[in-house]
Amino acid sequence: MPKFVELWVYLSSTPLFGLTATLVVYVLAQAVYTRLQQAPWANPVLWTVITIAAGLLATGVSYPTYFAGAQFIHFLLGPAVVALAWPLWERRAELRLHWRALLLAALAGGVAASGSALALGWAFGLPGDVVLSLAPKSVTAPVAMGIADKIGGIPALAAVFAVLTGMVGALSGKYLFDALRIPTNPPGWMARGFALGTAAHGIGAARALQVNADAGAYAGLALGVQVVLASLLIPLVFRLL
């Protein structure tokens with residue numbers, strides 16, 4: 001026990017704490033996720049966030065201290081998103097064949113995601129800046145923050161909404177697709193992946209990639225298309241309004 005205490009004191013005062021904690025918790029969560037045959041409710045990202053947040057609260061370690069080490073993993077998010085281009089390159093012939101349908105699907109999905117969030121916010125009487133922060137909820141968090149800032153929303157709140165949206169999509173996607181009887185064959189995986197990437201951005205794309213390569217590739221495509229469409233159209237629509 002004294003050795004453990006010494007190790008804890010050492011790690012908690014250095015950037016190694018955030019890095020070590022994130023890696024250890026995620027590896028354990030991934031092992032449980034695999035053991036449970038990739039059940040959606042056992043999503044390793046969700047349980048890693050919950051476990052680390054609970055650990056920081058219980059130990060009194062501040063978030064800046066944790067992030068001093070976790071930022072090294074945060075940096076890898078960019079290369080990880082770029083790496084999603086490789087599965088798309090392998091399916092470039094299919095993309096050329098279906099690009100019109102995919103673009104229309106992305107546009108319809110983005111309008112539905114943003115429009116429904118705004119409608120619900122107004123219906124429940126939320127403050128104006130909170131409603132505006134909901135508009136980019138289905139875009140990956142860094143982009144959602146930038147869009148919210150341009151249209152008068154709250155960037156930090158937009159990031160929270162984006163992460164929650166991704167989590168909900170990753171957890172509920174399989175059950176919803178099964179209820180809609182979307183098949184698990186090549187065209188079905190394409191539809192599932194594209195829908196998940198459209199609605200649940202990077203977290204949804206990660207979930208799709210764990211389940212099926214085709215689903216992951218089209219989820220990555222949907223993620224990228226939504227970033228472009230939302231960045232261009234949401235500020236334009238609010239400027240016209």
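I began at the end of helix H7 in this predicted model, and noted that Gly-125, just after H7, takes a positive phi of about 70 degrees.

I then went back along H7 itself, which covers residues 92-123 and bends by about 70 degrees at His-98. Looking up its buried residues, I listed Leu-95, Leu-102, Ala-106, Gly-110, Ala-113, Ser-114, Ala-117, Leu-118 and Gly-121. I next asked what covers these buried residues of H7, and found that the cover includes helix H6 (85-90), helix H8 (128-134), helix H11 (186-211) and helix H12 (213-240).

Since Gly-125 had a positive phi, I looked for that sign in residues other than glycine. Most residues other than glycine have a negative phi. His-201 has a positive phi of about 40 degrees although it is not a glycine, and I placed this residue in helix H11, one of the helices that cover the buried residues of H7. His-201 is at 3% relative accessibility, and it therefore counts as buried, the cut-off being under 20%.

Gln-38 also departs from glycine in identity while showing a positive phi, near 55 degrees. I found Gln-38 in the loop between helix H2 (16-35) and H3, where its relative accessible area of 29% makes it partly exposed.

From that loop I moved into helix H3 (residues 44-59), where I looked up Thr-48. Is Thr-48 buried or exposed? Its relative accessible area is 7%, so I entered Thr-48 as buried. Leaving aside the neighbours within four places in sequence, I recorded contacts of Thr-48 with Thr-22, Val-25, Tyr-26 and Ala-29.

For the whole chain, I counted twelve helices and zero strands in the secondary structure. The radius of gyration is 19 Å, close to the 18 Å that the globule rule gives for 241 residues, so I noted the protein as being as compact as a globular protein of that length. Taken along the principal axes, the box filled by the C-alpha atoms is roughly 65 × 45 × 30 Å.

I also looked up how the contacts are spread along the sequence: of those between residues at least 6 apart, 64% join residues at least 24 apart. Buried residues make up 38% of the 241 residues, and the protein exposes about 13,600 Å², of which carbon and sulfur atoms supply 75%.

My last entry concerns charge: I noted 13 positive and 7 negative side chains, with the centres of the two sets lying 6 Å apart.

Technical notes
Residues are numbered from 1 along each chain as its sequence is written. This is a predicted model: local features need pLDDT of at least 70, side-chain atom pairs count only at pLDDT 80 or more; totals for chains, interfaces and linings use all residues. Side-chain values use heavy atoms; hydrogens and water are left out. Helices (H or I, at least four residues) and strands (E, at least two) are DSSP runs, numbered from the N terminus. The radius of gyration is taken over C-alpha atoms; the globule rule is 2.2 Å times the number of residues to the power 0.38. Buried means under 20% relative accessible area, exposed over 50%, partly exposed in between (1.4 Å probe, protein chains only). Contact means heavy atoms within 4.5 Å. Accessible areas come from the Shrake-Rupley method with a 1.4 Å probe; for residues, only the protein chains shown count as cover. Lys and Arg count as positive and Asp and Glu as negative; His and the chain ends are not counted. The place of a charge is taken as NZ of Lys, CZ of Arg, CG of Asp or CD of Glu. The bend at a residue is the angle between axes fitted to the seven residues ending there and the seven starting there.
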